[in-house]
Amino acid sequence: MKSNIRTLTYTALMTAFVFITTSVIKIPIPFTNGYIHAGDTAIFLGGILLGPVHGAVAAGIGSAMADLLGGYAHWALPTLLIKGLMGFIVGYFSSEKRNQKHVLWGTSLLWIGSLFAFIYTTGNTTLETIMENVEGASSIALAGEIVKNLNTQLLVVAMGLPLLSLILFKLKDRYGITFSQLVGIIVAGIVMVLGYYVASGIIYGNFLASIFSVPWNIVQFGIGGILAFVINAGLSRSPAKRKILQYRS
């Protein structure tokens, strides 16, 4: 009974942490109705500390509450599912017993294929269609400039994500992160980006405009991963982390 109470307490605290980090700072994403935030940091830490089940609960409920109370109620259900899946993935792959390499390679190939599909889509869409479907593209010239900038951003994140992953891999021992946890963070981040792309396309009935959120969501989870590394390093020096891991699901 005492163990269950502690687990519920840690889960509730992490849920609140996810809610606060998602709600306090919101940066609107250009040409979309979304925003980026620091909530992914708490989600990554929640998965590592609480495990797949309770990490998913904290990530999903905390993020959905932020949308529900922050004026994005129509996003609450997709967020509950996507962010909950993120927490589960990080928690699941944090175990050294998992076979991470095949999943990492498969997810990476899916990511690369998706990026090329996005670039192909925007490159083969007429500027008139861009004007009709993308908020802020008020002229042919502006639509062309927006598409050019988007494709540049997609190419940058295509190269930047592997570079960031390599840097974090080199620093993982210093910051108390295992290879398994790093794989979980990368896979969860990619799932989040693609998940929100699909959810946005369904909600707004426009899969073209949804592409514009992809680079920004990559930035969000990249920064979240870096902050999770730093905070985890601090926790590793504290007895609090060892106590929490005793009740990991």
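This tour of a predicted model goes from a nonpolar surface patch to residues in the two helices that supply it.

**Stop 1: the patch.** Select Val-53, Val-57, Ile-61, Met-65, Leu-68, Leu-69, Leu-77, Leu-80 and Leu-81. Together they make a nonpolar surface patch of about 830 Å². Now colour helix 2 (39–69) and helix 3 (76–93); each supplies at least two residues of the patch. Helix 2 gives the largest share, with six residues.

**Stop 2: Val-53.** Pick Val-53, one of the patch residues. Its place is in helix 2. Its relative accessible area is 49%, so Val-53 ranks as partly exposed; the exposed class begins over 50%.

**Stop 3: Ser-63.** Stay on helix 2 and select Ser-63. Is this residue buried or exposed? Ser-63 is buried, because its relative accessible area is 2%. Show what surrounds Ser-63: setting aside residues up to four places away in sequence, it touches Val-18, Thr-22, Ile-43, Ala-58, Thr-79 and Lys-83.

**Stop 4: Ala-76.** Move to helix 3 and select Ala-76. Its relative accessibility is 13%, so Ala-76 counts as buried, the limit being under 20%. Which residues does Ala-76 contact, beyond its neighbours within four places in sequence? They are Ala-64, Asp-67 and Leu-68. Leu-68 is also one of the patch residues from Stop 1.

**Stop 5: a distance.** Keep Ala-76 selected and add Phe-116. The two are 40 residues apart in sequence. Draw a line from C-alpha to C-alpha: the separation in space is 29 Å.

Conventions:
Residues are numbered from 1 along each chain as its sequence is written. This is a predicted model: local features need pLDDT of at least 70, side-chain atom pairs count only at pLDDT 80 or more; totals for chains, interfaces and linings use all residues. Side-chain values use heavy atoms; hydrogens and water are left out. Patches are made of residues with over 30% relative accessible area and no salt bridge: like charges are joined within 9 Å, nonpolar side chains (Val, Leu, Ile, Met, Phe, Trp, Tyr) within 5 Å. Accessible areas come from the Shrake-Rupley method with a 1.4 Å probe; for residues, only the protein chains shown count as cover. A salt bridge is a side-chain nitrogen of Lys or Arg within 4 Å of a carboxyl oxygen of Asp or Glu. Helices (H or I, at least four residues) and strands (E, at least two) are DSSP runs, numbered from the N terminus. Buried means under 20% relative accessible area, exposed over 50%, partly exposed in between (1.4 Å probe, protein chains only). Contact means heavy atoms within 4.5 Å.
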